[in-house]
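Here are a few exercises to work through with the model open beside you. Try each task before you read its solution.

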Amino acid sequence: MKRREFIILSGASAIALATGCSDDQSKTPIDDLGRDMMKADVGEDAQRQQDLNEDLSEDGTGEADIADLGIINLNPLPIPVLLKGEQRGGIVNYDLNVQESTHTFFENIAAPTFGINGDILGPTLLLENGKQISINYKNQLAETITMHGHGMHTPALMDGTPHQPIMPGQTWSAEYTVNQRASTCWYHPHTMDETAKQVYKGLAGLIIVEDDESKALDLPKRYGVDDIPLVLQDRRFKDGKLDYSPSRMEIMRGYIGDTLIANGAIDSQFDAEAKEIRFRILNGSNSTVYKLAFSDGRSFKQIATDASFLEQPVELSELTLSPAERAEIVVDFTNDMGEELSLMDLTQNKSFCRIKVSTPALVQTSLPQNLTSLTKLNEADALRTRQFVLAGPMMRLQINGASMDINVINESVKLNEIEIWEIRNNMRVDHNFHIHATHFMLLDRNNQPVPENEKGYKDCVYVPANQSVRFIVKMVDYADPNVPYMYHCHFLEHEDAGMMGQFVVIA
Ligand SMILES: [Cu+2]
């Protein structure tokens with residue numbers, strides 16, 4: 001195929017870009033970079049491509065060398081705007097509009113979506129440990145939502161569970177002091193029975209928590225340049241529009257999409273500097289467990305789990321993430337100028353997005369050998385073991401034989417007491433287990449040692465069919481006998497079907 005044909009074909013088949021998340025409040029040069037990447041338009045790009053085609057032509061054929069065209073990107077990976085918040089009265093405010101919109105997944109087809117300050121997904125919130133914040137969600141939808149800060153250590157009233165509904169037209173604020181380690185968390189709806197559908201339509205966004213430690217480490221931290229947010233999801237489409245229509249069997253198995261998207265875009269490309277690149281990866285899917293790897297099989301270092309850094313980087317070539325789990329990884333592209341590869345899900349053998357190493361590094365980083373030191377609770381100090389059995393009669397999706405009932409508190413947990421929670425999946429389908437309020441650390445998997453890359457703080461743990469996990473946990477700082485937190489399977493179809501329970505933390 002001639003180069004020009006290749007280019008024009010690419011243009012025709014390119015998917016229009018996400019333009020969401022435009023309502024940023026605090027811009028930095030880095031933010032602007034991200035915005036520019038997101039603003040690119042396929043039509044304009046095609047024209048620009050033609051112009052460059054001419055401009056770069058050196059041999060009089062009107063064709064540029066592919067190498068010269070490396071700077072051109074028909075469908076760049078969208079980078080959500082970084083929202084640093086706005087100081088008002090000593091509180092850092094993040095103003096979020098939850099709204100109906102349309103998003104162009106496929107050229108010339110406007111698919112109805114939900115978005116936050118944009119047409120799909122939401123901005124990345126940058127939070128600093130110790131700061132008093134208020135995340136203000138304005139519900140501009142025609143339906144009730146709740147908005148939960150997943151992984152955030154907050155009082156129960158600020159957790160955004162089914163107990164804090166936001167009616168259409170209302171604004172609800174999650175107001176608290178950030179009180180946790182550097183981590184990549186996220187926000188999403190937690191609406192009773194409606195979470196799966198609302199997330200599927202586009203409601204989710206990342207939260208980056210920074211602390212003194214994360215700022216001091218020599219890690220890639222140029223947002224959108226070498227510190228890259230990646231919300232990974234899978235979707236089904238019908239006539240170019242999102243199709244969420246799970247059958248009963250698909251509620252049981254989880255609603256799995258056949259098209260992978262990264263930050264809301266299909267088959268996008270990230271142009272990387274030839275250096276270490278940090279990816280903050282969220283499995284933002286409804287119910288799909290991803291087995292992530294790069295198409296060239298290269299290894300990379302995992303540096304963080306859900307809620308903290310790992311003490312040391314862990315080298316991997318495959319990374320399993322179940323829904324809602326996060327991992328930060330660092331990939332070294334220093335000697336890879338010109339390389340093209342894909343981030344794959346090996347289960348479906350499909351690509352989330354392409355990576356092209358196309359730019360010399362402006363700033364180098366060198367991954368430290370020691371990242372942090374974690375506080376480990378001693379198993380011998382645990383006062384009790386709580387058991388949670390994921391199963392139900394007639395294949396019902398229940399925990400300990402009960403379906404979620406908003407009027408029932410299933411567990412009372414005492415503040416500052418160390419406990420072991422044992423999760424058993426007695427079903428033939430996979431689940432995972434997420435707790436609100438705080439993080440935990442794994443003790444073992446099926447009575448076997450914890451894999452090195454799961455030794456950081458976590459708030460969600462994968463529990464495959466017929467397997468078990470034990471973790472150690474202590475509720476700290478916030479007690480409220482009247483307002484519960486949730487624990488649940490984070491496969492959203494399972495959660496909505498009742499695989500969820502409630503606990504209060506009492507002083
Ligand atoms: Cu489940």
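Two strands count as paired if DSSP finds at least two bridges between them. Keep in mind throughout that this is a predicted model.

**Exercise 1. Work out how far to trust the model, and where to hold back.**

Start with the whole chain: pLDDT averages 88, and 85% of the residues score at least 70. Next, look for the weak stretch. Over residues 1-73, pLDDT stays under 50. The model does have 120 contacts beyond four places in sequence for that stretch. Where pLDDT is low, though, the predicted coordinates should not be read in detail. That's a good reason to spend the remaining exercises elsewhere.

**Exercise 2. Describe the overall make-up of the chain.**

Count the elements: there are seven helices and 33 strands. Then check burial, which gives 49% of the 507 residues as buried. Finally, consider contacts with a separation of 6 or more: 78% of them link residues 24 or more positions apart.

**Exercise 3. Trace the seven-strand sheet and find its edge strands.**

Step one is the order. Reading across this open sheet, you get β15-β14-β11-β17-β22-β19-β20, and the pairing is mixed. Step two is the edges: β15 (265-266) and β20 (309-316) each pair on one side only. Step three is to zoom in on one pair. β11 (residues 227-235) and β17 (residues 276-283) run parallel, with six bridges between them. For a landmark in that pair, find Leu230, which sits opposite Ile281 of β17.

**Exercise 4. Do the same for the five-strand sheet, then look at how β18 fits in.**

This one is also open and mixed, in the order β16-β24-β23-β18-β21. Its edges are β16 (268-273) and β21; each has a single partner strand, so one side of each is left without a neighbour in the sheet. On average, neighbouring strands here are turned by 25° against each other, direction ignored.

Now take β18 (residues 290-294). With β21 (residues 319-321) it pairs antiparallel through three bridges. Two pairs of residues to pick out there are Lys291 with its bridge partner Thr320, and Leu292 opposite Leu319. With β23 (residues 340-345), β18 again pairs antiparallel over three bridges. On that side, Ala293 has Met344 as its bridge partner.

**Exercise 5. Explain why β28 is described as largely enclosed, and name its partners.**

Recall the cut-off: a residue is buried if 20 or more other C-beta atoms lie within 10 Å of its own. In β28 (residues 431-435), five of the five residues are buried, so the strand is largely enclosed by the rest of the structure.

Now split the strand by face. In a regular strand the side chains alternate between the two faces of the sheet. One side of β28 carries His431, Phe433 and Ile435, the other Asn432 and His434, and all of these are buried, so to speak a strand covered on both faces.

Last come the partners. β28 pairs antiparallel with β30 (residues 460-463) over four bridges, where His431 is the bridge partner of Val463. Two bridges join β28 to β32 (residues 480-488), again antiparallel, and there His434 stands opposite His488.

**Exercise 6. Place Leu374 and Leu443: where are they, how exposed are they, and what do they touch?**

Leu374 comes from the loop between β24 (350-359) and β25 (384-390). It has 16 C-beta neighbours inside 10 Å, so it counts as partly exposed. Beyond four places in sequence, its contacts are Ser308, Glu311, Gly456 and Tyr457. Also check Lys455: it is 81 residues away from Leu374 in sequence, yet the C-alpha atoms are 9.4 Å apart.

Leu443, by contrast, belongs to a strand, β29 (residues 441-445). Its 18 C-beta neighbours inside 10 Å make it partly exposed. Leaving out residues up to four places away, Leu443 touches Glu379, Ile420, Arg470, Phe471 and Ile472. Glu422 lies 21 residues from Leu443 along the chain, with 9.5 Å between their C-alpha atoms.

Terms used: Residues numbered from 1 in each chain as written. Predicted model: local features only at pLDDT ≥ 70, side-chain atom pairs only at ≥ 80, totals over all residues. pLDDT = per-residue confidence, 0-100. Contact = placed C-beta atoms within 7 Å. Buried ≥ 20, exposed ≤ 12 C-beta atoms within 10 Å, placed from the backbone. Axes fitted to C-alpha atoms, helices over the stretch in contact; angles between N-to-C directions.
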